[in-house]
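This report describes the fold, the core and a selection of residues in one protein chain. The sequence and the structure are shown first.

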Amino acid sequence: MAFPKNFLWGGATAANQCEGGYQEGNRGLANVDVIPYGSDRMAVMTGKLKMLEPDNKHYYPAMEAIDMYHHYKEDIALFAEMGFRTYRCSIAWTRIFPNGDEDQPNEEGLKFYEDLFHECKKYGIEPLVTITHFDCPIHLIKEYGGWKNPILVEFYKKLVTVLFTRYKGLVRYWLTFNEINMILHLPFMGAGLVFEEGEEEETVKYMAAHHELLASAEATRIGHEIDPENKIGCMLAAGVTYPYSCNPADVWKAMEKDRENYFFIDVQARGEYPSYAKKMLERKGIDLHITKEQEALLKANTVDFVSFSYYSSRCASGDANIEQTEGNVMASLKNPYLKASEWGWQIDPLGLRITLNALYDRYQKPLFIVENGLGAVDIPDENGYVNDQYRIDYLREHIKAMDAAINEDGVELLGYTTWGCIDLVSASTGEMKKRYGFVYVDMDDLGQGTLQRRRKKSFEWYKKVIRTNGKDLD
């Protein structure tokens, strides 16, 4: 058991799931603010139900979340106590440009993140910053249609230029878009897409994805120009797809499912649309109107590393009658060899090793696991303490899989940030009760609670893991 000397251990959050303070510091309204808790959530996230303003019938958990806007110093101190070497966070676009199309950025928003990054540096924590973690200013959706409009590439270029300039020397690791493949599954959350009557939804989604891929290449170009020390990565919602059986039809289906996700990273890491993607778009009758200039931009500005989230593997079959799992945004068949979490996510540590190898073989670029963890209902005892041994067991097995990928398979892995290192609002369900953290936050699904932070059993365990650089997992 030997992790690289400079391995970046840490944790990950997203602004829209932890920050809150949605009206403070001149921040504007974003798509993520108006995704409600409850039965309408999925319809809004998928762009089927148009909700561009909050109403008084719904609760919107992202608006206040766990109020890290006011608690970040306390929270970063807890991360430092665990020994974090890196902290993955994200920028709320509407803190920097409240509407998204202003000429000048909002100084209060810039100052907030500058202070947050300085707080990290104070403890020797390297910020790993996601530029866009599903955030899209509502004004850009109302005025321009979100990422379906190529003008968003220009607004994004302005955003990244401001960020790379302001935080030069403070931030070195950047991710352009979080889980870029989610645009196919949750198009409003992923790209501010709302489908109007008569629109061909698949065409809109792939066109918006193309605009994000161009924006990502522009960010890579600008980031390297402003500071050659910048390391800029892409981010995939990953998890290998197994064939349900050795029936060749199942093997083919699994390959197709994997390609749906690799498609985006193929462009970002290799610099061009793969032939299978071109053929798929052709079959669907989708013309992205890719110009020679765009091809040159993509080819010249590939990412420095590939980051990804991993929670579970998936299973696919050519037979449509096999039982599906619950709780996954990306549908999967039930794998009879695996246990599942309370939300139906199939627990598969070996699948992480397989995924690491598949991505490293495919891209030959350094990898970074930027999300992994177990969402569970944590019940504090009479003293408020959470004995989350189940989370420790989950993480231990996944860390062992990482170790094997590095030391037995030769995979180059930069670091590991567990998801929701402090409890936060679940992106998929909007719940607080689906907890991932080492730190318990006193808040319920409807935003009631003291917001008090308390260390769980896993807090001390992860502290020991980092201190021993992954040697002591007991």
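The text below moves from the whole chain to its core, then to one helix and several residues.

## Overall form

The model is predicted. The protein chain contains 15 helices and 12 strands. A compact globule of 474 residues would have a radius of gyration near 23 Å, and the 21 Å of the protein chain agrees with this value. The C-alpha trace spans about 60 × 55 × 50 Å along its principal axes.

Of the 474 residues in the protein chain, 62% are buried. Among contacts with a separation of 6 or more, 76% are between residues 24 or more positions apart. The exposed surface of the protein chain amounts to about 18200 Å², and 49% of this area comes from carbon and sulfur atoms. As to charge, the protein chain carries 54 positive and 71 negative side chains, with the centres of the two sets 4 Å apart.

## Nonpolar cores

The largest nonpolar core has 152 residues, and within it Trp147 and Met402 touch the most other members. Helix 9, residues 201-226, gives the most to this core, namely 11 residues. Another core lies apart from it and has eight residues, including Leu8, Leu128, Phe368 and Val370.

## Helix 15 and the segment after it

Helix 15 covers residues 457-467, and its buried residues are Ser458, Phe459, Trp461, Tyr462, Lys464, Val465 and Ile466. Which elements cover these buried residues of helix 15? The cover includes strand 1 (8-12), strand 10 (413-419), strand 11 (439-441) and strand 12 (453-455), together with helix 3 (68-82) and helix 14 (389-407).

Asn469 lies in the segment after helix 15. Its phi is near 50°, a positive value in a residue other than glycine. Most residues other than glycine have a negative phi. Asn469 counts as buried because its relative accessible area is 11%, under the 20% cut-off.

A positive phi also appears at Glu179, where the angle is near 40°. Glu179 belongs to the loop between strand 4 (173-177) and helix 8 (187-191). With a relative accessible area of 9%, Glu179 is buried.

## Asp75 and Arg453

Asp75 is part of helix 3, and Arg453 is part of strand 12. Asp75 has 0% relative accessibility and therefore counts as buried. For Arg453 the figure is 8%, so this residue counts as buried too.

Leaving out residues up to four places away in sequence, Asp75 touches Met68, Ile422 and Arg453. On the same basis, the contacts of Arg453 include Asp75, Met68 and Ile422, as well as His71, Glu74 and Leu78. Arg453 also touches Val439, Tyr440 and Val441. Between Arg453 and Tyr440, 13 residues apart along the chain, the C-alpha separation is 5.6 Å.

## Ile131 and Cys315

Ile131 sits in strand 3, residues 126-132. Its relative accessible area of 0% makes Ile131 a buried residue. Which residues does Ile131 contact, leaving aside its neighbours within four places in sequence? They are Ile91, Tyr156, Leu159, Val160, Leu163, Phe164, Trp174, Leu175 and Thr176.

Cys315 is located in strand 8, residues 314-316. Cys315 is counted as buried because its relative accessibility is 6%. Not counting residues up to four places away in sequence, Cys315 touches Thr241, Tyr242, Pro243 and Tyr244, along with Ser332, Leu333 and Asn335.

The table lists C-alpha separations for three residue pairs.

| Residue pair | Separation in sequence | C-alpha to C-alpha distance |
|---|---|---|
| Ile131 and Ser39 | 92 residues | 29 Å |
| Arg453 and Tyr440 | 13 residues | 5.6 Å |
| Cys315 and Leu333 | 18 residues | 5.0 Å |

Two of these pairs also appear among the contacts given above: Arg453 touches Tyr440, and Cys315 touches Leu333.

Technical notes: Residues numbered from 1 in each chain as written. Predicted model: local features only at pLDDT ≥ 70, side-chain atom pairs only at ≥ 80, totals over all residues. Heavy atoms only, no water. Core = buried A, V, L, I, M, F, W, Y, C linked by side-chain atoms within 4.5 Å. Buried < 20%, exposed > 50% of the residue type's maximum accessible area, 1.4 Å probe, protein only. Helix = DSSP H or I, 4+ residues; strand = E, 2+ residues; numbered from the N terminus. Rg over C-alpha atoms; globule rule 2.2 N^0.38 Å. Contact = heavy atoms within 4.5 Å. Areas by Shrake-Rupley, 256 points an atom, 1.4 Å probe, with all protein chains shown as cover. Lys, Arg positive; Asp, Glu negative; His and termini not counted. Charge placed at Lys NZ, Arg CZ, Asp CG, Glu CD.
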